[in-house]
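Reader: Please pick one part of this structure and describe it closely. I would like to know how it is covered and what it packs against, with the cut-offs stated.

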Amino acid sequence: MGKSTEEKLFYYIKTGKLHRVRSLFKKYEPSHLTALVDRKGRTPLHACCLLGDDAIMRLLLKKGADVRVQDSDGNTPIHFALKYAIQTVKFHAFDDLIVPLLKACTCRGHVFDIENNEGKTPREYLTVLKRTFAQRREEEEAERKQRWRKEDKEMSEKKENLEWESKLRFEASQEDYSIYSQDDYLENTQESYDEWVERIARERRRKTESSKHQKPDTNKRQEQQEQKAKERTKELEKEHEAYITRISIQRQKLKLTSSLTDYEKHCREIFHSNTMSTLKFVDLPWPFEGDTKQMIDLLVKWSELKSKEERKKFLKDQQVRWHPDKFLQKCGNRLDEEDREKIIEQVKELSQEINAILEGEF
C-alpha cells in the first residue's frame with residue numbers, strides 16, 4: 001500500500017528533499033499541502049523549523065503557509081525556529097530561519113506573544129537566544145585568548161630551553177680547558193665538574209631572582225599581548241561577519257535564480273501550451289501569488305541578477321507578457337468564468353506596476 005500525500009510530504013521534509021516537495025506542489029493545491037498536520041498537530045512549516053531546513057521553509061512560506069498556527073502543544077513555527085537556534089547555537093540560524101518567518105507574518109508583535117502549553121512565548125525564547133549567542137561569543141574569545149597565551153608561553157619556554165642548552169653545550173666543550181696561574185709557574189687550576197655544576201646552578205638561581213624583579217615589565221607585556229589579542233579577535237569577527245554576508249548573498253542569488261527558472265518554465269507551460277484547459281487564478285504563473293507589491297518586488301530582484309542591458313530586456317518581456325490585451329489574446333478564451341474578473345484585474349495591476357518601473361528607470 002502506497003504512502004499518503006501527508007506521509008510523502010513529511011517524509012520529504014524530514015529527509016530534506018526540496019525537489020520532491022516542489023513536485024508535490026505541482027500536483028496538489030498549495031493551501032491543501034500547507035494545512036496538512038501530523039499526529040502532534042504539526043504542519044509542514046512546524047517540521048521545517050524543528051529541523052532547521054530553511055530552504056523548504058521558504059518554499060512553504062511562498063505557498064502561503066501560516067506562521068501563527070499552533071500544534072497540540074501550543075507551539076508556533078517560530079517557537080520551533082527559536083528553539084533550534086538556541087540548541088544548535090548557529091549564528092546564521094537567526095537570518096536563515098527566524099527573519100523569513102517574521103517577514104511572512106503581517107502582525108509580528110502579536111506572534112511574539114503567543115504562548116505554548118508551557119506558558120512560553122517566542123519573545124522569551126528570543127531573549128534566551130540573544131543571551132546564548134552572547135555567551136558563545138565570550139567563550140570563543142576566551143578560548144582564543146587562552147590558546148594564544150599557551151602558544152606564547154610554549155614559545156618562551158622553548159626559547160629559554162634553547163638558550164640553556166646552548167650554554168650547557170658551550171660549558172661542556174670547555175671542560176678540558178685549563179686555567180694556569182702565572183704566580184705559580186703555570187700551576188694547573190682547572191675547574192672541577194662539581195664546581196662547574198654548582199656555578200651553573202648559581203647562575204640559574206640568579207636569573208630566576210632577576211626575573212621576579214622584572215614582573216611589572218612582564219605584566220605590561222602581557223597586557224599588550226591581551227590588547228593585541230582583542231584587536232585580532234575584532235578583526236576575525238569582522239572577517240567572519242563579512243564571510244557570512246557573502247554566503248548569505250550567494251545563497252539568496254541561488255534561490256532567486258532557481259525561482260526565476262521555475263517561473264519561466266511555468267510561463268512557457270501556460271502561455272505557449274496547445275492545450276485548451278481552463279485556467280483558474282491559482283493556475284497562472286504569478287511571480288508571487290495574490291499580492292501585486294510582492295510580485296513586483298520579486299520581478300525587480302530577478303532583474304537585478306542581470307546586466308543593465310539584459311535587465312531592461314527582461315522587464316520589457318514582462319511588460320509584453322502581462323499586457324492586458326496580449327494576455328487576453330493568448331489566454332482569454334481559457335479563463336475560468338468565476339475567476340475571470342479577478343484574473344483580469346490582477347493582470348492590469350501587474351502591468352501598470354511594470355510600466356511604472358520602466359518609465360522610472362529607463
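Author: A residue is called buried when its relative accessible area is under 20%, exposed when it is over 50%, and partly exposed in between, using a 1.4 Å probe and protein chains only. The model is predicted, so local features are given only at pLDDT of at least 70 and side-chain atom pairs only at 80 or more, while totals for chains, interfaces and linings use all residues. Numbering starts from 1 along each chain as its sequence is written, and side-chain values use heavy atoms, with hydrogens and water left out.

The protein chain has 15 helices and two strands, where a helix is a DSSP run of H or I of at least four residues, a strand is a run of E of at least two, and both are numbered from the N terminus. Of its 362 residues, 33% are buried. A contact requires heavy atoms within 4.5 Å. Among contacts between residues at least 6 apart in sequence, 67% join residues at least 24 apart.

The part chosen here is helix H4, residues 44-51. H4 is mostly covered, with six of its eight residues buried. Those six are Pro44, Leu45, His46, Ala47, Cys48 and Cys49. The elements that cover them include helix H1 (5-14), helix H3 (30-34), H5, H6 and H7. After H4 comes Gly52, which has a positive phi near 75°.

Take H5 (residues 54-62) to begin with: its axis and that of H4 are 9 Å apart, at an angle of about 155°. H4 is therefore roughly antiparallel to H5. Axes here are lines fitted to C-alpha atoms, for helices over the stretch in contact, with angles from 0 to 180 degrees between N-to-C directions. Angles under 35 degrees count as roughly parallel, over 145 as roughly antiparallel, 65 to 115 as roughly perpendicular, and the rest as oblique. The H4-H5 crossing is left-handed, that is, the near helix is turned anticlockwise from the far one by less than a right angle, whereas a clockwise turn would be right-handed. H4 brings Pro44, Leu45, Cys48 and Cys49 to this contact, and H5 brings Ile56, Met57, Leu60 and Leu61. The contact of H4 with H5 consists of eight nonpolar residues, with no polar and no charged ones. In this scheme Ala, Val, Leu, Ile, Met, Phe, Trp, Tyr, Cys and Pro are nonpolar, Asp, Glu, Lys and Arg are charged, and the others, Gly among them, are polar.

Lys62 also belongs to H5, and with a relative accessible area of 30% it is partly exposed. The C-alpha atoms of Lys62 and Pro30 lie 9.4 Å apart, although 32 residues separate them in sequence.

H6 (residues 77-88) is another neighbour: its axis comes within 7 Å of that of H4, and the two cross at roughly 10°. H4 is thus roughly parallel to H6. From H4 the contact takes Leu45, His46, Cys49, Leu50 and Leu51, and from H6 it takes Pro77, Phe80, Ala81 and Tyr84. By class, the contact of H4 with H6 has eight nonpolar residues, one polar and no charged.

H6 in turn packs on H7 (residues 93-104), with axes that come within 10 Å and cross at roughly 170°. This makes H6 roughly antiparallel to H7. The residues in contact are Pro77, Ile78, Ala81, Leu82, Tyr84 and Ala85 of H6 with Ala93, Leu97, Ile98, Leu101 and Leu102 of H7. The contact of H6 with H7 has eleven nonpolar residues, no polar and no charged.

The cysteines of H4 deserve a separate note. A disulfide is counted when two cysteine sulfur atoms are within 2.5 Å, and a search of the whole structure finds zero. For Cys48, which is in no disulfide, the nearest cysteine sulfur is that of Cys49, 6.7 Å away. Cys48 counts as buried because its relative accessibility is 0%. Elsewhere in the chain, Cys331 is likewise in no disulfide, and the sulfur of Cys267, its nearest cysteine sulfur, is 9.8 Å away. Cys331 also counts as buried, because its relative accessibility is 0%.

To return to the chosen part: H4 has six buried residues out of eight, is roughly antiparallel to H5 and roughly parallel to H6.
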